[in-house]
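Trainee: Could we go through this one together? I'd like to see how the labels get decided.
Mentor: Sure, let's have a look.

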Amino acid sequence: MRSLMSVLLLLGIVGCTIQQTGPASREQASMAARANTEIASYHLRNGALETALAKVSQALAQDDDRVDAHLVAAEVRDRLAEPVRAERHYRRALSLSGRSGAALNNYAGFLCRAGQTVAAVEHWRQAAALRRYDGRAMALSNAAQCLVQANASGPVPRADRYWRRALRIEPDYAPALRGLAEWSLARGELNAAGAWYSRYTASVEENPAGLWLGIRIAGAGDEAARQRALTARLRERFPASEQAARLTE
């Protein structure tokens with residue numbers, strides 16, 4: 001889920017921090033904070049959490065009003081199992097950004113992982129309501145996945161409604177198409193599952209998870225020939241994948 005819910009500015013660059021020989025001007029401090037935030041993002045992406053924490057802490061000391069720095073700091077603190085500090089940074093990012101789509105999306109992911117499903121979905125709904133936010137379909141798909149993982153029922157809407165809303169924004173949005181295929185399969189709606197799966201495979205490159213989904217749909221529909229063909233494809237193209245290992249279970 002972390003990968004469906006994160007939209008941090010994880011820029012793939014590394015550089016040296018800006019060294020000051022005297023008191024920094026506001027502009028210089030902002031430039032240094034930006035550089036350190038980008039370096040922290042790089043280290044976060046590569047799992048070097050302590051280094052990322054050191055760099056983003058330096059960035060915030062240089063400019064505590066950087067939204068992206070607070071989002072990186074929140075993600076680092078979350079991965080270091082420091083939820084109180086993580087939430088503090090998320091809330092600071094929201095207050096600074098005027099509740100931007102990126103801040104709402106990331107905070108919602110944090111809430112979902114903490115088991116606060118209703119609050120998480122509400123923040124994703126707010127992100128999806130921002131017309132200028134490029135990640136609206138992602139936010140809705142994230143909300144759907146969170147509901148599925150929480151097995152949410154009762155007053156909250158069914159997960160499929162959010163995937164369908166995502167597709168109204170981006171008709172070929174692969175996570176939503178795959179989500180609806182999985183959703184339909186779980187409910188025994190095999191015609192629908194097959195239709196969603198066809199749209200999904202047309203929108204992405206062939207991958208182990210997609211082939212595994214196709215194998216399960218074919219198996220549920222007693223399509224033995226198709227199931228054998230997809231199984232052979234999975235073994236041939238992705239022999240070391242987790243999905244290929246499941247074939248022997």
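Trainee: What makes R88 count as exposed or buried?
Mentor: Keep in mind that this is a predicted model. R88 has a relative accessibility of 53%, and exposed means over 50%, so R88 counts as exposed. You'll find R88 in helix α5, residues 83-97. The C-alpha atoms of R88 and A74 are 7.6 Å apart, with their positions 14 residues apart along the chain.

Trainee: How do you know that C112 and C146 form a disulfide?
Mentor: Their sulfur atoms are 2.1 Å apart, and the cut-off is within 2.5 Å, so the pair qualifies. By that rule the count is one disulfide. The pair links distant parts of the chain, with C112 in helix α6 and C146 in helix α8, 34 residues apart.

Trainee: Why is the disulfide of C112 and C146 called right-handed?
Mentor: The torsion about its S-S bond is about 115°, so it is right-handed.

Trainee: And what about C112 and C146, buried or exposed?
Mentor: Buried means under 20%. C112 has a relative accessible area of 11%, so C112 is buried. C146 comes in at 1%, so C146 counts as buried too.

Trainee: Which residues touch the most other members of the largest nonpolar core?
Mentor: W124, Y162, W163 and L167 do, in a core of 46 residues. Helix α8 gives the most to this core, eight residues. There's also a second, separate core of eleven residues, including A40, L44, A73 and V76.

How values were computed: Residues are numbered from 1 along each chain as its sequence is written. This is a predicted model: local features need pLDDT of at least 70, side-chain atom pairs count only at pLDDT 80 or more; totals for chains, interfaces and linings use all residues. Side-chain values use heavy atoms; hydrogens and water are left out. Helices (H or I, at least four residues) and strands (E, at least two) are DSSP runs, numbered from the N terminus. Buried means under 20% relative accessible area, exposed over 50%, partly exposed in between (1.4 Å probe, protein chains only). A nonpolar core is a set of buried Ala, Val, Leu, Ile, Met, Phe, Trp, Tyr and Cys residues joined through side-chain atoms within 4.5 Å.
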